[in-house]
Amino acid sequence: NEFTESKLDFYPFKIRNEIDKVNKYIYDNINNGVYKCGFATSQKVYNIEVYKLFNALNEIDLRLEGKKFIVGDSLTLSDIRLFVTLIRFDIVYFNHFKTNLKHIYDYKNLWQFVKMLYNHNEIKSTTKFEEIKDHYFKTHPYINPSGIVPIGPNIEDMLKD
């Protein structure tokens, strides 16, 4: 907030320890987990990492049961940290990084969470699916040497309230 006029607090003092703990888990296992899968150079490493990723997705899906937010009762850094990976998951990571055991829209709680956050005007207006796809599919020639960007999936319609 020191750089903006915003009064929003995504890192409330009273729950910072829990936010830090959850952020570390999300980063290690989900945010970075998709990259560990996508850039794996052996089948053995890929297999280990993909199961770690999906175990973490399962755990966070369970954590969200009956809740809107991951930590506390309002939007925090943990929610934002998770959202940025989940919104890219089905359109990029699922096929490009071979994280294709399950779609995010197959998870009841994770999908509701993604839809809720995406449908905030401030978030929706900054989520550019074509730019996301172009970036990933065109900047990793060792993963996608042809540079072809897939047309689908079109999850934007699925994200509507």
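Is Glu 65 buried, partly exposed or exposed? Select Glu 65 and you'll find that this side chain counts as partly exposed, at 44% relative accessibility. Here buried means under 20% relative accessible area, exposed means over 50%, and partly exposed lies in between, with a 1.4 Å probe and protein chains only. We'll come back to Glu 65 shortly.

**Before you click on**

You're looking at a predicted model, in which local features need pLDDT of at least 70 and side-chain atom pairs count only at pLDDT 80 or more, while totals for chains, interfaces and linings use all residues. Residues are numbered from 1 along each chain as its sequence is written, and side-chain values use heavy atoms, with hydrogens and water left out.

**The whole chain**

Start with a cartoon view. The chain has six helices and zero strands, so the pattern along the sequence reads α-α-α-α-α-α, where helices (H or I, at least four residues) and strands (E, at least two) are DSSP runs numbered from the N terminus.

Now zoom out. Along its principal axes, the C-alpha trace spans about 45 × 35 × 30 Å. The radius of gyration is 16 Å, which agrees with the value near 15 Å for a compact globule of 161 residues. That radius is taken over C-alpha atoms, and the globule rule is 2.2 Å times the number of residues to the power 0.38.

Switch to a surface view next. The chain exposes about 9,500 Å², and carbon and sulfur atoms supply 54% of that area. Accessible areas come from the Shrake-Rupley method with a 1.4 Å probe; for residues, only the protein chains shown count as cover. Of the 161 residues, 42% are buried.

Contacts are worth a look too (heavy atoms within 4.5 Å). Among those with a separation of 6 or more, 70% join residues 24 or more positions apart.

**Charges and pairs**

Colour by charge. There are 22 positive and 21 negative side chains, and the centres of the two sets lie 4 Å apart. Lys and Arg count as positive and Asp and Glu as negative, leaving out His and the chain ends. Each charge is placed at NZ of Lys, CZ of Arg, CG of Asp or CD of Glu.

Side chains of opposite charge can pair when their charged atoms come close. The structure holds six salt bridges, each being a side-chain nitrogen of Lys or Arg within 4 Å of a carboxyl oxygen of Asp or Glu.

Go back to Glu 65 and add Lys 108: they form a salt bridge, with the closest N and O atoms 3.3 Å apart. This pair links distant parts of the chain, since Lys 108 is in helix H4 (residues 108-118) and Glu 65 is in the loop between H2 and helix H3 (77-96), 43 residues apart. Lys 108 is exposed, at 55% relative accessible area.

Then select Glu 49 and Lys 52, whose side chains meet in a salt bridge at 3.7 Å, N to O. They are three residues apart in helix H2 (residues 43-63), which means about one helical turn separates them. Glu 49 is buried at 14%, whereas Lys 52 is partly exposed at 37%.

One further stop is Lys 160 with Asp 157, a salt bridge of 3.5 Å, N to O.

**Along helix H3**

Which residues does Ile 91 touch, leaving aside neighbours within four places in sequence? Ile 91 sits in helix H3 and is buried, with a relative accessible area of 1%. Show its contacts and you'll see Phe 129, Ile 132, Lys 133, Phe 137, Pro 153 and Ile 155.

Move on to Phe 94, also placed in helix H3. At 19% relative accessibility, Phe 94 counts as buried. Not counting residues up to four places away, Phe 94 touches Phe 89, Thr 99, Asn 100, Leu 101, Lys 102 and His 103. Its C-alpha is 9.6 Å from that of Gly 38, 56 residues away along the chain.

**Backbone and loop stops**

Select Lys 98, in the loop between H3 and H4. Lys 98 has a positive phi of about 60° although it is not a glycine, and at 40% this residue is partly exposed.

Next, find Pro 153, in the segment after helix H6 (129-138). The peptide bond from Gly 152 to Pro 153 is cis, with omega near -5°.

Finish at Thr 41, in the loop between helix H1 (16-38) and H2. Thr 41 is exposed, at 80% relative accessibility. The C-alpha atoms of Thr 41 and His 135 are separated by 21 Å, with their places 94 residues apart along the chain.
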